[in-house]
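Q: Please take me through the spaces inside this protein, slowly enough for a first-year student. I would like to know what surrounds them, and then what the rings and a few single residues nearby in the account are doing.

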Amino acid sequence: MTHLSSSSFFSDFGLLLYLEELNKEELIRFKSFLKNETLEPGSCRIPWSEVKKAKRKDLADLMSKYYPGEQAWEVALRIFGKMNLKELCERAKAEINWTVQTMRPEDTEAGEVQGDQEAVLGDGAEYRIQIREKFHIMLDKNHLLGKSEDFCHEIAQEGRELLEHLFEEDVGTEEQPQTVVLQGAAGIGKTTLVRMMMLDWAQGNLYQQKFTYVFYLNAREINQLRERSFVQLLSKDWPSTEGPIERIMSQPSRLLFIIDSFDELNFAFEEPEFVLCADWTQVHPVSFLMSSLLRKVMLPESSLLVTTKLTAWRKLKPLLKNQHSIQLLGMSEDARQEYIYQFFEDQSWALQVFSSLRNNVMLFNMCKVPAVCWIVCNCLEQQLEKGGDITLTCKTTTSLFACCISSLLTQVDKSFPGLPSQTQLRSLCHLAAKGVWTMTYVFYKENLRRHGLVKSDVSIFLDTNILQKDTVYENCYVFTHLHIQEFFAAMFYVLQDNWDTRDDSLQSFENLELVLESSSYKDPHLLQMKYFLFGLLNEDRRKQLEETFNCTMSLEVKWTILQWMEMLGNSEQLPSHLVFLELFVHLYETQDEVFVSQAMRYFQKVVINICEEIHLLLSSFCLKHCQCLRTMKLMVTEVFEKKMLNSSFPPETWQRAGSRIFHWWQDLCSVLHTNEHLREVILCHSNLDEFAMKIFNQELRHPNCKLQKLLLRFTSFPDICQGISGSLTHNQNLIHLDLKGSDIGDDGVKSLCEALKHPDCKLQNLSLESCGLTVACCEDLSLVLISNKRLTHLCLADNILGDGGVKLMSEALKHPQCILQSLVLEHCGLTSLCCQDLSSTLSSNQGLIKISLTLNTLEREEIMKLSEVLRSTECKLQVLGLCKEALDEETQKLLEAVGSSNLRLAVKQDCNDHEEEDGSWWRCF
């Protein structure tokens, strides 16, 4: 189309004249086409709420506003064509041509500016024109279900800002990166971004001072090539009028090569570097050319921009030198909310959808990807139109994608021949599973034939929008989104009738045991498929898919998974907290409480690090079904620390979120009284607010709580220990309390001592190590030692009690009613002045059998006085904690002599009990 200035015929008045010619029905049809119309990449379509109510004059104004200049008329002409209004189109085009020919000189300024710009470009102008045409067409094709590649204006603008700074100098090194990697999830917009980049460069808006030429290499096209030179590879877009392409290679530092979708390249990249080629004129396999370019063997001075899915980073990273990596994170929370509210005409539906997605952290995170957000919104819109309950649909990722796939198969045209047969479905699932395992996401005709899919089979899956043919590159087929492929890959395992994992003829991806043993660390590309696999164990999902595909799904996989769970639970080495979290995600996907109970019965110990909302949800769901659990170790951080003011969401949204969090925390803590086997809870390095601590203490006081051992290490107490103190008098089973590293201070000890003096307190072992205590708390502790008839072990290590504190406690230790057996005073700021008090205590106390004094400043003369008591038959001490290596040789000999004369006594550097802290257990975090 001829380019004109915005002041010419392309005014809202000129457009209005043609809109006036539409009758009422035609205007309604025009609006419906306009609803999804986008012209330029990054343009934002007109909100439907405005289009729907607009009269002709208002509609012309809106189109001029959202599609400035000639864009508005290009949109109008395209819609007239779709409406088959040929006479109107021809008349409009004729009038446009006449307008062009009769324009005043001042009206041609815009055209002259464009001509000047192309003249400034000099060499390569034809190439730029060709690139503009090619990438304008590419970006105008929305290839996923018609809409998913549409970017709202905000995202497009953010993308352009990112592109502008990609090759800027690093502030630290002051060097410009030569290789930049754009990583991101499938559908997040990597390809759209680099195609926008090509268009912007060709239009003279980007990198004009950096790169004379930019070349775009797409994996889908490269995979179909065999042998050629690098120059031949680039020549596909090179106009013959530009002259030989070889001449531009003389300045490689001014060249930028874009390798789009590295993850889709079907090359192993295993060639040793010495066999690669530096000569861009020599013919080689295309795989060699790509490897040579990536490894900087060929054209090392040139710049590279590579896009890839996150899952292929491990394969790509070893090939690159000094790369700068950027991860595209997708839509922000605000952008997702805006997207959803723009998608739905009915705002009550928008609110319902947003709330349902917000309540499922995994689904809401998935919606960071615009393509996924569109799939989800489209599916839920159909559910709402049918009057369905989207709350159930949004319960898990499996339930939602099962619904999406079922809706795809019910949307087909009436002329559609029918559902895929069982054989066709198995072939598709086999293709999907092998693709996920090998990280193959683009399939060519030979791939399809190899899996038994002929043209008629492929047509069925194309018609249902399960598969999609690439609109740019021939013979390329993809699943409509990676998650759709992962879903069918998971179906492969539930369509199998017999799972013999010992069958050596199985390919790796066919071995279910290998799927189960995969982890997010080793095999991140298998993770979502594994989630779906567990989700398909749900009875409702199974029935839904059997009805959708008219097929039978095997239950044998469920028993195979239970056998694997038994093996995992019975292994000698306890799984790490990461393994448990992954396991909990899988089990949550099932939404099958009976199955979860069966799976978790093999675990007596669990370790969980809860640092996000989703971790709390998963843990609360799974742990309450872990009926054989005896020991539970938790670390809870950040979940209760989020402040309302830090969020862009309105206060009521965060109030709902807070309510949700406390509900999950209540569920998790209920394990304290619902699990009759639970005996030990370790809550360490945790930050709980007052309400969370209140819930925990309520469960601890429940009459059915059988807990015996509670370790609250390095944990903050917002109520200065009052809640725990109250629990000591209510829980008749709790005999061991460890508060090591917690910030209770002297005030917290005072509260504890009140509980310890209560006759209903059954505590026998108390550790207050590193609790910030001083001599001020020793008087309260002394009273407890006299009055408490059960406390036999007390650890006060790493507190600055000083000699004054020992003096106060020594008086209590000499009291005939004191029953303490073990006292730990390591690193308590003691000096030789306390030895006299200790000697007196050891002479009179017949019950104290263990005392630790390591890491204190004790002189030889005072230890000699202490040794006289240790030799006495009146001293019943069995273990003395002293660091002999820190003493002089004479004192060491003295202590050895004491040991020889008192055979009951052992002098040790470390006399603490560590039976609960075996290495494998504490290394789980």
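A: A search of the whole structure finds four cavities of 30 Å³ or more. On a 1 Å grid over the protein atoms alone, a cavity is a set of points where a 1.4 Å probe fits but cannot get out; a pocket is an open set with protein on both sides within 12 Å along at least five of seven lines. Grid points are joined across faces, edges and corners, and a volume is the space filled by probe spheres set on the points.

The model is predicted, so local features need pLDDT of at least 70 and side-chain atom pairs need 80 or more, while totals for chains, interfaces and linings use all residues. Residues are numbered from 1 along each chain as its sequence is written, and side-chain values use heavy atoms, without hydrogens and water.

Take the second largest cavity. Its volume is about 50 Å³. Its lining residues (those with an atom within 4 Å of a point) are Val494, Leu536, Leu537, Arg542, Met553, Ser554, Leu555, Val557 and Lys558. They divide into six nonpolar, one polar and two charged. Here Ala, Val, Leu, Ile, Met, Phe, Trp, Tyr, Cys and Pro count as nonpolar, Asp, Glu, Lys and Arg as charged, and the others, Gly among them, as polar.

Now the largest pocket. It holds about 1400 Å³ of space. Its lining has 39 residues, and Leu310, Pro524, Leu527, Gln528 and Tyr531 are the closest to its centre. Six elements each give two or more residues to this lining: α14 (313–316), α17 (361–366), α24 (482–494), α26 (527–535), α29 (577–590) and α31 (613–623). Helix α29 gives the most, with four residues. By type, the lining of this pocket splits into 22 nonpolar, eleven polar and six charged residues.

Step back to the whole chain. It contains 42 helices and 21 strands. Both are DSSP runs numbered from the N terminus (helices: H or I, at least four residues; strands: E, at least two). Of its 925 residues, 56% count as buried. Buried is under 20% relative accessible area, exposed is over 50%, and partly exposed is in between (1.4 Å probe, protein chains only). Take the contacts in the chain between residues at least 6 apart in sequence: 78% of them join residues at least 24 apart. A contact is a pair of residues with heavy atoms within 4.5 Å.

Next come the rings. The structure has 34 aromatic pairs. Rings of Phe, Tyr and Trp (its six-membered ring) pair if their centres lie within 6.5 Å; planes under 30 degrees apart are stacked, over 60 edge-to-face, and the rest tilted. Look at Tyr127 and Phe215. Their ring centres are 5.4 Å apart and their planes meet at 40°, so this pair is tilted. Tyr127 belongs to helix α8 (residues 125–140) and Phe215 to strand β2 (residues 213–218), so the pair ties together parts that are 88 residues apart in sequence. Tyr127 is buried, at 1% relative accessible area. Phe215 is buried too, at 2%.

Phe580 and Phe584 make another tilted pair, with 6.1 Å from centre to centre and 55° between the planes. Both sit in helix α29, four residues apart, about one turn of the helix. Both are buried. Recall that α29 gives the most residues to the lining of the largest pocket.

Tyr127 and Phe215 also share one aromatic cluster with Trp201, Tyr213, Phe230, Trp238 and Phe257. Trp201 has a charged partner: the charged end of Arg128 sits over its ring, 4.1 Å from the centre. Such a charge has NZ of Lys or CZ of Arg within 6 Å of the ring centre and within 35 degrees of the ring normal. Arg336 does likewise with Phe364, its charged end lying over the ring at 4.3 Å from the centre.

Finish with three single residues. Ser261 is not a glycine, yet its phi is positive, about 70°. Ser261 is in the loop between β4 (255–260) and β5 (284–285). At 9% relative accessibility, Ser261 is buried. Asn322 also has a positive phi without being a glycine, about 50°. Its loop runs between α14 and β7 (323–327). Asn322 is exposed, at 73%. Ser822 lies in strand β18 (residues 822–824) and is buried, at 7%. Leaving aside neighbours within four places in sequence, Ser822 is in contact with Thr792, His793, Leu794, Leu848 and Lys850.
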